[in-house]
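Colleague: I should like to understand how the terms of a structural description are justified. May I put some questions to you about this one?

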Amino acid sequence: MILRTGDIGVLVAGAGAVAAFAMSAWGGGAADTVVIRAAGKVVETATLARAQAFAVSGPLGTTRVEIVPGRARVAADPSPRQLCVKQGWLSRAGEAALCLPNQVSVEIRGRDPAYDTLGY
Amino acid sequence: MTPSAIELPVSADDRRIARLAALAIGLTLAEAALPSPIPGIKPGLANIVILLVLLQYGWRAAAWVSALRLLGGGILLGTLFAPGFWLAAAGALTSLTVLALAQHLPARHFGPVSLSVLAAFGHIGGQLALAAGWLLPGPAIDTLLPLFAAAALVFGAVNGIVVARLLAAHPSTMADSE
């Protein structure tokens, strides 16, 4: 018999160790806060814990930000190239979507920020 | 040519260790020719030989074969005493230490696959510890750790299965291991 009971235990424990290493090295920390800025000023700081939606005005029109538990995205934006909308859902601490023409940014933050400050 | 006055007695054990070390060195050389996506991620085929030696002739013989493989491989690949050699040495040392402890696990439940996986983790652990302390301080090693650990798990399991199959195919040589 090639695999004995203990072998399976060792393999499972090994896979668990690999997963734990991957989480701690690549996980980037859980995000819990959304920071929405317009023209460089923070207009909204919201929790990622529950679903909500915000509408933020910029020079081109209204940017709609959608939050569901654990992630957030720019749902609609008047910018011509729609880059921040196409970026999709943000879920890891430190991720950000920038709608530059409309001067709106959405940033996800964890308990310990990955950066001291970001300049756009 | 005058006959040498010094004659070193060679025991059957010495011959066997030399033969097995030659086999391990051969696998090391063959493996060095394989391309690898990340330096340091290798199947570790020589560990198949070392594990077989451990299970058939005991830990001392395995340590001898491992040390001779390291030296012989270093000489033949031209990496003797280069940084890569020391990384391999740290890996081999840790892996042998792990095997010294793991061989006492009850054989009823823990077969060659367990030993191989544990040794592979020991190998990568020793290598990365030396690399992190000496060659590459900083967060780079942490970022690569999951890749190395995953490779150790996969190659360790595959090598262990190879060892288990070899032992099953030649049960007669199992006699002096259990």
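Modeller: Let us begin inside chain B: the cover over the buried residues of α3(B) includes α1 (12–32), α2 (46–57) and α4 (83–102) of chain B. This is a predicted model, in which local features need pLDDT of at least 70, side-chain atom pairs count only at pLDDT 80 or more, and totals for chains, interfaces and linings use all residues. Residues are numbered from 1 along each chain as its sequence is written, while chains are lettered from A and ligands numbered from 1 in the order in which they are written.

Colleague: What makes a residue of α3(B) buried?

Modeller: A residue is buried if 20 or more other C-beta atoms, placed from the backbone, lie within 10 Å of its own, exposed if 12 or fewer, and partly exposed in between. In α3(B), the buried residues are B:A62, B:A63, B:W64, B:V65, B:S66, B:R69, B:L70, B:G73 and B:G74. Across the 178 residues of chain B, 39% count as buried.

Colleague: How do you know that the span of helix α3 of chain B agrees with its number of residues?

Modeller: The expected span is 1.5 Å times one less than the number of residues. For the 19 residues of α3 (residues 59–77) of chain B this gives 27 Å, and the end C-alpha atoms are 26 Å apart, which agrees. After α3(B) comes B:G78, with a positive phi near 75°.

Colleague: Why are the buried residues of α1(B) said to line one face of the helix?

Modeller: These residues are B:I17, B:L20, B:A21, B:A24, B:I25, B:L27 and B:T28. Seen down the axis, they fall within an arc of 160°, so they line one face; the arc is that of the directions from the helix axis to the C-beta atoms. On the other side of α1(B), B:A12, B:R15, B:R19 and B:A30 are exposed. The buried residues of α1(B) pack against α2 and α3 of chain B.

Colleague: What pattern does chain B follow along the sequence?

Modeller: The pattern is α-α-α-α-α-α, with six helices and zero strands. Helices (H or I, at least four residues) and strands (E, at least two) are DSSP runs, numbered from the N terminus.

Colleague: Where does pLDDT stay under 50 in chain B?

Modeller: pLDDT, the predictor's confidence in each residue from 0 to 100, stays under 50 over residues 174–178 of chain B. Chain B averages 90, and 95% of the residues score at least 70.

Terms used:
Two residues are in contact if their C-beta atoms, placed from the backbone, lie within 7 Å.
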